[in-house]
Amino acid sequence: MRHFLFLFGFILSSTLLTAQPGNAGVLDGVFIRENNFGRRPINYNYEGEINMMWTKRIWRVMDLREKINHPYYYPIEPTRSMSNLVTVMRQSMCSGDLTAFDAMSDEFTLKLGTSESCKIGEKVDTVWVTDDNGDLIPTPIKEPFPTENIRRLRIKEDWYFDKIRSVMEVRIIGICPVEEVFDEMGEYKGERPLYWFYMPELRHIISNAPAPNPHSDVERRTYDDLLHKRKFSSYVMKESNVYERGISSYKQDLDALLEGKRIEDEIFTYEQDLWEY
């Protein structure tokens, strides 16, 4: 017993010494975080066409200003251990680990180059600097990417009923960050989609990106966990239809929200009508 206490005290003191400021191993916290790093995303179930009894494509808008969606929006400035979802996607895109697709089409047909996609959304200001001869020379200054202006995400997803397993499921196909545009006077001018990310590729990135947990800092959830478990609030902006039109083309304001709610209820009702009670 005496030897065990001595060994425990030696290990504890060694750990504390290595965690002291100025040493090589600086520990940010009381324990080493190992969870959610080096993870692989959970594989999707294979779905063959023969299994599909019914499918419906839906486009959603996730407003990051809603309280339930705050874990995707914060922290605006990256910390040592955490970044928001837009920052994670953009850093992976600029490093070449994630492919961006043109925002004009959500069918992932036009790939964007790494340098081309990384320039989208960047702000460059011009400052006049006096040189040695006293002349004013325009000098471009690249401003930080305005992550705080990305307040909406567009989500493309498929709802389907698998007749073999007799379940209704949903699978996200792609995500598109949407930027709020302001003029030089700070007046709101509208919004513009930046680029689309293909979800099966994006999952390999966000499955190792920890997301804020408002309940406990110990439980390390990732953005892939939150999206896979549908931990977000959104509204429907479009469904697959004959006219290929969005809800905003025939409904406005409150009527548009009610139309999106009607589409959601239609999907729920379809599943319920398949069963007898």
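**Entry 1: the sulfur link**

I started with the geometry of the link between Cys94 and Cys118, which is right-handed, with 100° about the S-S bond. The model I am reading is a predicted one, so I take this as a computed value. The S to S distance for Cys94 and Cys118 comes out at 2.1 Å. I then looked for further links of this kind, but the structure holds one disulfide.

**Entry 2: what the link ties together**

Which elements do Cys94 and Cys118 lie in? I found Cys94 in helix 3, residues 85-94, and Cys118 in helix 4, residues 114-119. The pair therefore ties together parts that are 24 residues apart in sequence. A reminder to myself: a disulfide is a covalent bond between the sulfur atoms of two cysteines.

**Entry 3: cysteines and cover**

Next I looked up whether these residues are buried or exposed. Cys94 has 28% relative accessibility, so I note this residue as partly exposed. Cys118 has a relative accessible area of 16%, and buried means under 20%, so I put Cys118 down as buried. I also checked Cys176, which is buried at 0% relative accessibility.

**Entry 4: the chain as a whole**

Stepping back, I noted seven helices and 12 strands in the chain. The chain has 277 residues, and 36% of them count as buried. I looked up the accessible surface too: about 17900 Å² for the chain, with 55% of that belonging to carbon and sulfur atoms. For contacts with a separation of 6 or more, I see that 62% come from residues 24 or more positions apart.

**Entry 5: the largest pocket**

I turned to the largest pocket, where about 470 Å³ of space lies. Which lining residues are the closest to its centre? They are Val61, Arg154, Tyr235, Met237 and Ser248, out of 24 that line the pocket. I then went through the elements that give two or more residues to this lining, and wrote them down:

- strand 1 (52-63)
- strand 6 (150-162)
- strand 8 (188-193)
- strand 12 (235-239)
- helix 7 (253-272)

Which element gives the largest share of the lining? I have strand 12 down for that, with four residues.

**Entry 6: character of the lining**

Last, I sorted the lining of the largest pocket by residue type: 13 are nonpolar, four are polar and seven are charged. That closes my page for this predicted model.

Key. Residues numbered from 1 in each chain as written. Predicted model: local features only at pLDDT ≥ 70, side-chain atom pairs only at ≥ 80, totals over all residues. Heavy atoms only, no water. Buried < 20%, exposed > 50% of the residue type's maximum accessible area, 1.4 Å probe, protein only. Contact = heavy atoms within 4.5 Å. Areas by Shrake-Rupley, 256 points an atom, 1.4 Å probe, with all protein chains shown as cover. 1 Å grid on protein atoms, 1.4 Å probe; cavity = no way out; pocket = protein on both sides within 12 Å on 5 of 7 lines; lining within 4 Å. Points joined across faces, edges and corners; volume = space filled by probe spheres on them. Nonpolar A, V, L, I, M, F, W, Y, C, P; charged D, E, K, R; others polar. Disulfide = S-S within 2.5 Å.
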